[in-house]
Amino acid sequence: LTKMAQSNYSQRSLSDVTQEQIKQIAAYLDQMPLCELVDQDGSDSMSDEYWRKLIKRLGKIDRKYINLLDKSYIRSLEKEAWELKSPSLKLLATLQSRGLQLEVFRSCLEHKEVNCVSALDVLTNDMQSPIIVTQPEDCDLDVGSVLKLHCKVQSTQCTSSLQYQWFKGQEPLAKSKDSTYSVQQVELSHAGQYTCRVRNPCIIDPKRAFVFSRTVQVTVRPPPRAPIQETIHPSEASEPPVVEVVITTQPKSVNTQYGSGAIFTCRAEGLPGQAITYEWYKDAKKIPSDTIGDLSLPEVTCDNEGQYHCVVSYGSRNIESDRVKLCVELVWFTVEPQDVDGCVGKPAILYCRASGLPAGKEITYLWLKSSTLGGAPTPLPYSSSDTLIIQNLKDSDCGYYICQASDESQFISSRSVHVTAKIQYDSDEGECLQ
């Protein structure tokens, strides 16, 4: 509880919880756990109700709650059950009057001796997902320079306990548990795509506990090389004696869905009449490919992920292309959102749907909005469903919306769709006028 006590959440008491939430929590605490226990004599017996377990746990961690274990108090709670009332509701009222800290209550609910997950989820479902207010930026660096990626999060609860994890592609990076990921001297191997994942450990529901930053590209330039030149004796040709071999089309990093195709393209120019050949490498290992400059991967799997580059051969000379990444997406959209031309005062609905591998994996959603096309999108609170419903469309709701779908390791963003609002006619048909 030491870290938790530093957060705003731990300063609240059980009295700060709404009455509706208290009723829902009490309903779960009144129940028996679903599992059966076996006594030492071999007979089956049901375990105690959750409220009994909660009282025992409170008595262990703080002696001022030890009198809750008094038989007369227990009997008064049991009487509530006999009268078809809620013993947990009376218990919670007692705890509220004693100023029980919300953090202590939460820690008891999640402790293995109580483990009432349903009540814990009710307690935390009013917490807002963390919102990324400063996104990391693309970087174009030279070998040996410093790499720094920043991800700033806004959260009103458990701010001191937010958990950061940086990813390169889909691989989690060791020693990357802070809001800033840094490398003091970058190498070519640091080139690739980076994403930051932030988790609020106080939120039980994984749909609201995690948020991903945008994916950024880090490009690392190799040390400068002397120009590759070909010297031709003046008596053998009328062209200038010095010709430089250059790569005119560099390969680009590719993000593609599992099972789809991927193509890398590289083109070079040199002395007319001199043959140019191409060889492709993955993670510094040569791979079979055509010599025309294209590397085609028809059905990619996770084994195809890695860093690729091309080596151009020109006579006895070789020149290397940029190193680029192939990232295989294990989450993809089956339904992308569409533009909405809505009516002022009427509902407007945006819908997206994603799938992932392995089949049946849980996908979480987040909707983002920006006022201008290409502007920085802002996450919308309480938008963790594949369907975003704007109940009463207003001019302020107009803008550009993006659906973000993710599992715990990767996220994807939909295309940006435009929501507009028309003025509604005062007619039974409900026709709209721009």
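Which residue just after helix 4 takes a positive phi? I looked there first and found glycine 99, at about 70 degrees.

**Ground rules.** I'm working on a predicted model, so I noted that local features need pLDDT of at least 70 and side-chain atom pairs count only at pLDDT 80 or more, while totals for chains, interfaces and linings use all residues. Residues are numbered from 1 along each chain as its sequence is written, and side-chain values use heavy atoms, with hydrogens and water left out.

**Overall.** I got seven helices and 35 strands for the protein chain. Both are DSSP runs numbered from the N terminus: helices are H or I with at least four residues, strands are E with at least two. Of the 434 residues, 43% are buried. My burial classes are under 20% relative accessible area for buried, over 50% for exposed, and partly exposed in between (1.4 Å probe, protein chains only). The accessible surface comes to about 23400 Å², and carbon and sulfur atoms own 49% of that. Those areas are Shrake-Rupley with a 1.4 Å probe, and for residues only the protein chains shown count as cover. I also checked contacts (heavy atoms within 4.5 Å). Among those with a separation of 6 or more, 61% are between residues 24 or more positions apart.

**Helix 4 and the cores.** I went back to helix 4 and listed its buried residues: Pro87, Ser88, Leu91, Leu92, Thr94, Leu95 and Gln96. Their cover includes helix 1, helix 2, helix 3 and helix 5.

Next I pulled up the largest nonpolar core, which has 31 residues. A core here is a set of buried Ala, Val, Leu, Ile, Met, Phe, Trp, Tyr and Cys residues joined through side-chain atoms within 4.5 Å. The residues with the most contacts inside this core are Leu14, Leu29, Leu58, Leu91, Leu92, Leu95 and Phe105. Helix 1 (19-29), helix 2 (50-61), helix 3 (71-82), helix 4 (87-97), helix 5 (102-110) and helix 6 (117-124) each supply at least two of the core's residues. I picked leucine 58 for a closer look: leaving out residues up to four places away in sequence, leucine 58 touches Tyr65, Leu68, Leu95, Leu100, Val104 and Cys108. There's a second, separate core of 23 residues, including Trp166, Tyr194, Val218 and Leu366.

**Glutamate 103.** I found this one in helix 5. Glutamate 103 counts as buried, at 2% relative accessibility. Its side chain makes a polar contact of 2.7 Å with the side chain of arginine 106. For the record, a polar contact is an N or O pair within 3.5 Å; within protein, one atom must be able to donate a hydrogen and the other to accept it, and residues adjacent in sequence count only if both atoms are side-chain atoms.

**Salt bridges.** My rule was a side-chain nitrogen of Lys or Arg within 4 Å of a carboxyl oxygen of Asp or Glu. That gave 18 salt bridges. I wrote down these:

- Glutamate 137 pairs with arginine 214, closest N and O atoms 3.3 Å apart. Glutamate 137 sits in the loop between strand 3 (131-134) and strand 4 (139-142), and arginine 214 in the loop between strand 11 (210-212) and strand 12 (216-221), so the pair ties together parts 77 residues apart in sequence. Arginine 214 is partly exposed at 31%.
- Aspartate 140 pairs with arginine 221 at 2.7 Å between the closest N and O atoms. The pair links strand 4 to strand 12, and so ties together parts 81 residues apart in sequence. Both ends are partly exposed, aspartate 140 at 48% and arginine 221 at 34%.
- Glutamate 279 pairs with lysine 286, closest N and O atoms 2.9 Å apart. Glutamate 279 is partly exposed at 27%, whereas lysine 286 is exposed at 53%.
- Glu49, Arg52 and Glu78 are linked in a network of salt bridges.

**Cysteines.** With a cut-off of 2.5 Å between the two cysteine sulfur atoms, I found one disulfide in the whole structure. Cysteine 352 is joined to cysteine 403, S to S 2.0 Å. Cysteine 352 lies in the loop between strand 27 (348-351) and strand 28 (353-356) and cysteine 403 in strand 32 (residues 399-406), so the bond ties together parts 51 residues apart in sequence. Both cysteines are buried.

Why does cysteine 196 not bond to cysteine 151? Cysteine 151 has the closest cysteine sulfur, but at 3.6 Å that is too far for a bond. Cysteine 196 is buried, at 0% relative accessible area. Last entry: cysteine 398 is partly exposed, at 23%.
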